Amino acid sequence: MTAVFSHGRLRLYLLKLLDDGPKHGYELIRLLEDRFLGLYAPSAGTIYPRLQRLEVEGLVSHTAAGGRKVYEITEAGRAELRQRADELATLESDITASVEDLSTLAGEIRTEVRGSVRDLKRELREAARQTRQARWAPPPPTTRPPANGGPGRTAESPLLAEFDQRLAAFTVEVGALVRAGRLTDTQLRTAIRLLDGALDGLRRLLRHT
């Protein structure tokens, strides 16, 4: 759960969302995700226990509709909102600031990921170019000529063609994931580490060929 909702503030914000009208749990999750521009979304395990406690306290009630519980704020819940109006205003300001910070951090991470992808793509293309050159180069003087007397050069291998296809598909898919902007900060950091690890592995491979 994001730090802005520490010390029971998520409970207060759920009351605020329900004050706009009845909603089921997943609607509340989507509203929170939208409020944070997709950079944070609480889990069902975070939302439903709090709704249950609010109901026990008499601040919300629920009805069953279409197999789902639809929650509605009670008069007691509205009274708590009125009593905590200043706290709610401060919470809204903190959420706005948190969203700005998260957006900045996400932008920096996406830039770093895109840079890592470009570096990896360039390294892989260079590796592919060197591999092609090595395969098409004439054999050294001590190398025996082909048994069939044919030319020293051979057609591009199927494995090299598959390598090129995999490289192109990898680049497109990673770029699409980043542009979609649906990765969490943790996932983006992990992606950077994976890209760096793959690049280091290829460099070590090339050094030993």
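This briefing walks through the fold, the packing of helix α1, the sheet and one loop residue. The model is predicted. Its chain holds 7 helices and 3 strands, and 33% of the 209 residues count as buried. Much of what follows centres on α1, where 8 of the 11 residues are buried.

**Overall layout**

- From start to end of the sequence, the elements come in the pattern α-β-α-α-β-β-α-α-α-α.
- If you take the contacts between residues at least 6 apart in sequence, 65% of them link residues at least 24 apart.
- The chain has an accessible surface of about 13100 Å², and carbon and sulfur atoms account for 55% of that surface.

**Helix α1 and its cover**

- Helix α1 spans residues 9-19 and is mostly covered.
- Its buried residues are Arg 9, Leu 10, Leu 12, Tyr 13, Leu 14, Leu 15, Leu 17 and Leu 18.
- A useful reminder for reading such a list: an α-helix has 3.6 residues a turn, so residues three or four places apart point the same way.
- After α1 comes Gly 21, with a positive phi near 145°.

**α1 against α3**

- For two packed helices, the description rests on the angle between their axes and the distance between the axes.
- Helix α3 covers residues 44-56; its axis and that of α1 come within 10 Å and cross at roughly 80°.
- The two helices, α1 and α3, are therefore roughly perpendicular to each other.
- On the α1 side, the contact is made by Leu 10, Arg 11, Leu 14, Leu 15 and Leu 18; on the α3 side, by Thr 46, Ile 47, Arg 50, Leu 51 and Leu 54.
- By class, the residues in this contact of α1 with α3 are 7 nonpolar, 1 polar and 2 charged.

**α1 against α2**

- Helix α2 takes in residues 25-35, and its axis comes within 11 Å of the α1 axis, with a crossing angle of roughly 105°.
- That angle makes α1 roughly perpendicular to α2.
- From α1, Leu 10, Tyr 13, Leu 14, Leu 17 and Leu 18 take part, meeting Leu 28, Leu 31, Leu 32 and Arg 35 of α2.
- This contact of α1 with α2 counts 8 nonpolar residues, no polar ones and 1 charged residue.
- Leu 10, Leu 14 and Leu 18 of α1 appear in the contact with α3 and also in the contact with α2.

**The sheet and the helices on it**

- The 3 strands form an open sheet in the order β1-β3-β2, with antiparallel pairing.
- Strands β1 (23-24) and β2 (60-65) are the edges, each pairing on one side only.
- Between β1 and β3 (residues 68-73), which run antiparallel, there are 2 bridges.
- Across from Lys 23 stands Tyr 71 in β3.
- Helix α1 packs on this sheet and touches β1, β2 and β3; the direction of α1 makes about 90° with that of β3.
- Helix α3 lies across β2 and β3 and runs at about 115° to β2.

**A loop residue to look at: Thr 74**

- Thr 74 sits in the loop between β3 and α4 (75-83).
- With a cut-off of under 20% for burial, Thr 74 counts as buried because its relative accessibility is 18%.
- Apart from neighbours within four places in sequence, the contacts of Thr 74 are Gly 58, Leu 59, Val 60 and Ser 61.

Notes:
Residues numbered from 1 in each chain as written. Predicted model: local features only at pLDDT ≥ 70, side-chain atom pairs only at ≥ 80, totals over all residues. Heavy atoms only, no water. Helix = DSSP H or I, 4+ residues; strand = E, 2+ residues; numbered from the N terminus. Buried < 20%, exposed > 50% of the residue type's maximum accessible area, 1.4 Å probe, protein only. Contact = heavy atoms within 4.5 Å. Areas by Shrake-Rupley, 256 points an atom, 1.4 Å probe, with all protein chains shown as cover. Axes fitted to C-alpha atoms, helices over the stretch in contact; angles between N-to-C directions. Parallel < 35°, antiparallel > 145°, perpendicular 65-115°, else oblique. Nonpolar A, V, L, I, M, F, W, Y, C, P; charged D, E, K, R; others polar. Pairing = 2+ DSSP bridges.
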